[in-house]
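Let's take a friendly walk through this model together. Have the sequence and the 3D view at hand, and follow along from the loops to the sheets and then to the whole fold.

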Amino acid sequence: MRDLRLEVKRGVATLTIDRPQARNALAPRTMAELGQALDLVKARRARVLVIRGTGEKAFCSGGDLKELEAMHSADDAAAMARLMRGTLDRLTEMKIPVLAAINGDAFGGGVELALGCDIRIAAAHARIGLTQVKLGLMPAWGASERLAALAGRGRALHILLSGRVMTADEALRAGLVEEVVESAGFDDRIDELAGGIAAAPPAAVAGIKRSVDAVRPHRNPELAAEAIAVFTKTWIAPAHWRAVEQMERKRTSRT
């Protein structure tokens, strides 16, 4: 894998998005490698999976717009959405817990990735925002359903429709993350939590995850087709590409 790094120590698998030049954004190759990485985690018999970004600035800044700009067709957009939604659903199907170590900023698809995990721990300096609406898009990878289950209907709509970027503490109060850790002690806390889970009896851990999922499933495959269809329409719509152009102009004006 070129965009991801996987390390397994004492039952803890750490999957790092290693694209600092793009603030750990997800390019098409990164998306494909995520599925490969899950196969490797299973083969290595890890007891817990931690997903994080390299460095301290970004967990994942969403889809890599520079690489995705070439994807104008409805078929390509739908294929990308199906791939990532399927990959994130696989996270919830894993017998082992999956922790999102939000070591820095998480925007758009990066938040979708975090929401696909079982537990989210954020560094105090991280900023978190489901910003798709600002690009004329709706989330396509299951974030709407997962957020509504975590935060409630009204709060989910408020977050998704405003596209506002929150501080880590605001995300905690909104129910997006389970814990906020001072930045200086973030890595130690992740090691402590993941190590504790890895040391617990695997049957007990798997049973706890399975019993919680029975009460509140963390995936809704029956909703995928409609969500992807609506996403595809928003992706190919002129409003989306105008928003992308405006964002690019703002970015270049700051450099």
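**From a loop to the whole fold**

Arg45 has its place in the loop between helix 1 and strand 3; helices (H or I, at least four residues) and strands (E, at least two) are DSSP runs, numbered from the N terminus. The phi of Arg45 is near 60°, a positive value in a residue other than glycine. Because its relative accessibility is 73%, Arg45 counts as exposed; exposed means over 50% relative accessible area, buried under 20%, and partly exposed in between, with a 1.4 Å probe and protein chains only.

Before going further, please keep in mind that this is a predicted model, in which local features need pLDDT of at least 70, side-chain atom pairs count only at pLDDT 80 or more, and totals for chains, interfaces and linings use all residues. Residues are numbered from 1 along each chain as its sequence is written, and side-chain values use heavy atoms, with hydrogens and water left out.

Another arginine to look at is Arg23, in the loop between strand 2 and helix 1. Its phi is near 55°, again a positive value in a residue other than glycine. Arg23 has 33% relative accessibility, so it counts as partly exposed.

These two loops belong to one unit: strand 2, helix 1 (residues 28-43) and strand 3 make a right-handed β-α-β arrangement. Right-handed here means that, with the strands pointing away from the viewer, the path from the first strand over the helix to the second runs clockwise. Strand 2 and strand 3 (residues 48-53) are parallel and joined by six bridges; two strands pair if DSSP finds at least two bridges between them. Within this pairing, Ile17 stands opposite Gly53.

Now turn to the other partner of strand 2. Strand 1 (residues 4-9) runs antiparallel to strand 2, with six bridges joining them, and Leu6 stands opposite Leu15. The two strands form a hairpin with two residues between them, and Arg10 in the turn has a positive phi of about 50°.

How well covered is strand 2? Five of the six residues in strand 2 (residues 12-17) are buried, so to speak of it as mostly covered is fair. Thr16 is found in this strand and counts as buried because its relative accessibility is 6%. Leaving aside residues up to four places away in sequence, Thr16 touches Asp3, Leu4, Arg5, Arg52, Gly53 and Thr54, where contact means heavy atoms within 4.5 Å.

Elsewhere there is an open sheet of four strands, in the order 4-6-8-9, with mixed pairing. Its edge strands are strand 4 (58-60) and strand 9 (166-167), each of which pairs on one side only. Strand 8 (residues 127-129) and strand 9 are antiparallel, with two bridges, and the bridge partner of Ile128 in strand 9 is Met166.

Finally, step back to the whole protein, which has eleven helices and ten strands. With 255 residues, a compact globule would have a radius of gyration near 18 Å, and the 17 Å of the protein agrees with this; the radius is taken over C-alpha atoms, and the globule rule is 2.2 Å times the number of residues to the power 0.38. Of the 255 residues, 49% count as buried. Among contacts with a separation of 6 or more, 75% come from residues 24 or more positions apart.
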